[in-house]
Amino acid sequence: MRVSLRGRVVVAAVGAILVAVSVLAVGVSVLVARHLHAGLDRTLRARAVQVARLSASAPALLTAPGALDARLGGEQLLIEVLDRRGRVVARSLSLGGALLPTRVVGQVIARGRPVFADGALAREGLRFYVAPLPEFGGSAAGGAVVVAATTTAIAETLDRLHLFALLSALAAAGLAGAAAFLLSRRALAPLERLSAGAAEVERTGDVRRRLPDAQEGHEVGRLAATLNRMLVALERAREGERRFLADASHELRTPVTALRGNVQFLRRHGWDEAVVEDLVADAQRLSGLVDDLLVLSREDAGDAGTETVRLDSLARQAGAGDPRIVVEATQPVAVRGDEAALERALANLVENARRYGPPGSRITIRVAPASGLARLSVSDEGSGLTAEEAESAFERFWRGHHEIAGSGLGLAIVRATAQRHGGTATVRGAEFTVELPILRELSKSSGTPSGETEKGSS
């Protein structure tokens, strides 16, 4: 059976109060019982001392009527005086015709040491104190005195105390349960509103909705703020997905439409070399676009690789065989990641410089550590992007104002690759830079080998 959080709070509060009151009640009961019994024992001992003095100083008074009768808080003390042979010499009138149990009297007379004992008389609990009498005096000399009192009053007092503790525990538990219910209801009300709001988001599927705000600074308030930020992120992701699908559909529609038109032309007019070349170009464009979309999808869904990648080596490989490319890598720079993805990102940057830089101009690839990061940059000799264009350069399907054919996904792939590796991709003018976490143990300066800074063709 599943119990709600409110029910568990109430049960915990009631249980804690019951345990606390029970422990307190047991402790108080033990202390009160000890105090009452200690007081009774002191009274019995004091009365026994009085009888012993009377036996020694005025033994004739022991047998006088009422001489041994005394009360304890309204209760009559029961007294018997016995000689050394255990025979009754005197007794209090309150005993009537009953005799006190005398099973320990012989031991007290023989050892000369007083003792306390518990017993019963007519099914009533008694507390006894048996003390030896002096060896001089009247007929009771060398005997013992037995002083007893009923424990009924103590038992009744403890019973009342137990009843009071039980009623107090029940009342405290009831109050604690009610207080816990009300407080938990008030405390959980914001959480219930959050739950209702989340259920509404789930029912409608509308991530534009926001959960109700709770008290600022409150734990539930912080949870609501976090969940709302998550909804904002989901809304942005969904909007980005919709925009991506719309852009992808638009980009795919153009080559597909051209393919269909050229195929229809061939069906009607037969073979034509120019139309076939257009078909090949459209197929290649469509294939490249699909490949870029697949790569971008993998970058968004993949995780950072575990390979040790030397960016300086990748830079030299990218510049090999191309006299336009100059590689500046003065020391080894290593990162942890996916070597194929990083190589593709560098190739995209180089291809971007070839397409949009001045024809025949120099392309520079720089690799160096900077502020604890590995920095890989590619630049050309053109004017580069304006500040406004730089803000959108890494967006999907963005081509700026250029009319050069392309999918518009190359730089988006670069940024996705950098983010997957825990880094960033930025542009300033004509210089595109990727910064990644560096592997320090493999990126320490070891000098500049011959040919580290050279043209790609050397």
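In which element is Leu170 found? Leu170 is found in helix α3, and in this predicted model the residue is exposed, with a relative accessible area of 52%. Together with Leu18, Leu163, Leu166 and Leu167, Leu170 makes a nonpolar surface patch of about 460 Å², to which helix α3, spanning residues 152-204, gives the most, with 4 residues. In soluble globular proteins, nonpolar side chains tend to be buried together. The patch made by these leucines lies at the surface instead.

**The chain as a whole**

The protein chain has 458 residues, of which 34% count as buried, and its secondary structure comes to 9 helices and 15 strands. About 26600 Å² of the chain is exposed, with carbon and sulfur atoms supplying 55% of that area. Among contacts with a separation of 6 or more, 63% are between residues 24 or more positions apart.

**Nonpolar cores**

The largest nonpolar core holds 33 residues, and within it Leu311, Ile365, Val378 and Phe394 touch the most other members. Two or more residues are given to this core by each of α6 (311-319), β9 (325-329), α7 (339-356), β11 (363-370), β12 (373-379), α9 (410-420), β13 (424-428) and β14 (431-437), and the largest share, 6 residues, comes from α7. Apart from this core lies another, of 21 residues, among them Leu77, Tyr129, Leu133 and Ala140.

The surroundings of Val378 can be given in detail: not counting residues up to four places away in sequence, Val378 touches Leu346, Leu349, Val350 and Ala353, as well as Ile363, Thr364, Ile365, Ala430, Glu431 and Phe432.

Leu436, which is found in strand β14, counts as buried at 3% relative accessibility. Leaving aside neighbours within four places in sequence, Leu436 is in contact with Val335, Leu342, Leu373, Ala374, Ala418, His421 and Gly423. The C-alpha atoms of Leu436 and Gly422 are separated by 6.4 Å, the two residues being 14 residues apart along the chain.

**An enclosed strand and its partners**

Strand β3, residues 78-82, is largely enclosed by the rest of the structure, because 5 of its 5 residues are buried. Leu78, Glu80 and Leu82 point one way from β3, whereas Ile79 and Val81 point the other way, and all are buried, the charged-type residue Glu80 included. The pairings of β3 are set out below.

| Partner of β3 | Sense | Bridges | Residues facing each other |
|---|---|---|---|
| β7 (residues 144-150) | antiparallel | 5 bridges | Leu78 and Ala148 |
| β4 (residues 88-91) | antiparallel | 3 bridges | Glu80 and Arg91 |

With β4, strand β3 also forms a hairpin that has 5 residues between the two strands, and Gly86 in the turn has a positive phi of about 85°.

**An exposed loop residue**

Is Ser371 buried or exposed? At 80% relative accessibility, Ser371 counts as exposed, and this residue is found in the loop between β11 and β12. Its backbone has a positive phi of about 55°, although Ser371 is not a glycine.

Terms used
Residues are numbered from 1 along each chain as its sequence is written. This is a predicted model: local features need pLDDT of at least 70, side-chain atom pairs count only at pLDDT 80 or more; totals for chains, interfaces and linings use all residues. Side-chain values use heavy atoms; hydrogens and water are left out. Patches are made of residues with over 30% relative accessible area and no salt bridge: like charges are joined within 9 Å, nonpolar side chains (Val, Leu, Ile, Met, Phe, Trp, Tyr) within 5 Å. Accessible areas come from the Shrake-Rupley method with a 1.4 Å probe; for residues, only the protein chains shown count as cover. A salt bridge is a side-chain nitrogen of Lys or Arg within 4 Å of a carboxyl oxygen of Asp or Glu. Buried means under 20% relative accessible area, exposed over 50%, partly exposed in between (1.4 Å probe, protein chains only). A nonpolar core is a set of buried Ala, Val, Leu, Ile, Met, Phe, Trp, Tyr and Cys residues joined through side-chain atoms within 4.5 Å. Contact means heavy atoms within 4.5 Å. Two strands pair if DSSP finds at least two bridges between them.
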